[in-house]
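User: I'm new to this structure and would love a close look at a single part of it. Could you walk me through the paired strands, and then show me what else is worth seeing around them?

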Amino acid sequence: MAFILGSGSPRRLELLGQIGVVPDAVRAPDIDETPLKAELPRPYCNRVTAQKVAAVEADFDDIVLCADTTVALGRRIMGKPDDAAQAAEYLWKLSGRRHRVITSVAVKRGDRVWQKDVVSSVRVKALSNVEVNAYLATGDWQGKAGGYAIQGPAGAFIPWISGSFSAIMGLPVTETAGLLMAAGYPLYKEAP
Ligand SMILES: Cc1cn([C@H]2C[C@H](O)[C@@H](COP(=O)(O)OP(=O)(O)OP(=O)(O)O)O2)c(=O)[nH]c1=O
């Protein structure tokens, strides 16, 4: 049995490391992340995660883990911004409001899949021009759902969350540990 991280996200590799899990291989899934017409954020996040875990090549007895993080403002899905202008648009929409961050995690082994969605709430302070421009200049928004990352400089814009910090960052460590154990991954080896 090999453990395969089906993700190109350095955050997910780091968060797995937090619980002592080091993948035998890292394989980024290549799927179309375009939302379906009128698709709501949570079903979208769940569907994309299931597609990611189905797309990663692995031997039958390997354990594969994939996840997706989606920022949702009401019914609107905010993916990874294409450019700085879209990141700015997202930040202004999030400014002074509360939004949800959904992370779905899927673990596959053989023909079984264990999957869990974690929904958190995040409040962003009312942002100023100076704050938005300074953040955009860092480039930290690149590759981040909603155009920000709580673990980086944008942490200064977030006075309150309800939910899971690690889920907002990309991988909920509690739920991930549970899914890995369900799939038979030896997370906590018994002392001999
Ligand atoms: C909201 C938020 C997102 N993110 C990141 C986590 C994810 O890497 C990214 C959301 O994009 P995802 O599509 O979930 O993941 P990815 O494309 O980076 O990697 P892969 O599909 O190969 O697994 O946004 C943060 O790092 N911090 C945050 O606060």
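**The paired strands**

Analyst: Happy to help! In this predicted model, strand β5, residues 98-109, pairs with strand β6, residues 112-123, in the antiparallel sense, and 12 bridges hold the pairing. To find your way along the pair, start with R98, which stands opposite R123 in β6. At the other part to look for, β5 and β6 form a hairpin with 2 residues between them. In that turn sits G110, with a positive phi of about 60 degrees.

Now stay with β6, since it has another partner. Strand β7, residues 160-162, runs antiparallel to β6, and 3 bridges join the two. One place to see this is S121, whose bridge partner in β7 is S162.

From the strands, let's turn to the spaces in the model. The structure holds 1 cavity of 30 Å³ or more, and the largest cavity contains about 30 Å³ of space. Its lining is made up of L91, L94, V124, Y148, A154, F157 and I158. By class, that lining has 7 nonpolar residues, with no polar and no charged ones.

The largest pocket has a volume of about 600 Å³. It is lined by 33 residues, and those closest to its centre are R12, T69, K80, G143 and A145. Here the lining is mixed: 16 residues are nonpolar, 10 are polar and 7 are charged. Several elements supply at least two lining residues each, namely α1 (10-18), α2 (41-55), β3 (63-73), β4 (76-78) and α5 (165-169). Among the contributors, β3 gives the most, with 5 residues.

A last stop is the cysteines. The count of disulfides comes to 0. Why is there no bond between C45 and C66? The sulfur of C45 has its closest cysteine sulfur in C66, 12 Å away, which is too far for a bond; a disulfide would need the two sulfur atoms within 2.5 Å. Looking from the other side, the closest cysteine sulfur to that of C66 is in C45, again at 12 Å. As for their surroundings, C45 counts as buried because its relative accessibility is 0%. C66 has 0% relative accessibility too, so it also counts as buried.

To retrace the tour, begin at the hairpin of β5 and β6, step across from β6 to β7, and then visit the largest pocket, where β3 gives the most to the lining.

Key: Residues are numbered from 1 along each chain as its sequence is written. This is a predicted model: local features need pLDDT of at least 70, side-chain atom pairs count only at pLDDT 80 or more; totals for chains, interfaces and linings use all residues. Side-chain values use heavy atoms; hydrogens and water are left out. On a 1 Å grid over the protein atoms alone, a cavity is a set of points where a 1.4 Å probe fits but cannot get out, and a pocket is an open set with protein on both sides within 12 Å along at least five of seven lines; lining residues have an atom within 4 Å of a point. Grid points are joined across faces, edges and corners, and a volume is the space filled by probe spheres set on the points. Ala, Val, Leu, Ile, Met, Phe, Trp, Tyr, Cys and Pro count as nonpolar, Asp, Glu, Lys and Arg as charged, and the others, Gly among them, as polar. Helices (H or I, at least four residues) and strands (E, at least two) are DSSP runs, numbered from the N terminus. Two strands pair if DSSP finds at least two bridges between them. Buried means under 20% relative accessible area, exposed over 50%, partly exposed in between (1.4 Å probe, protein chains only).
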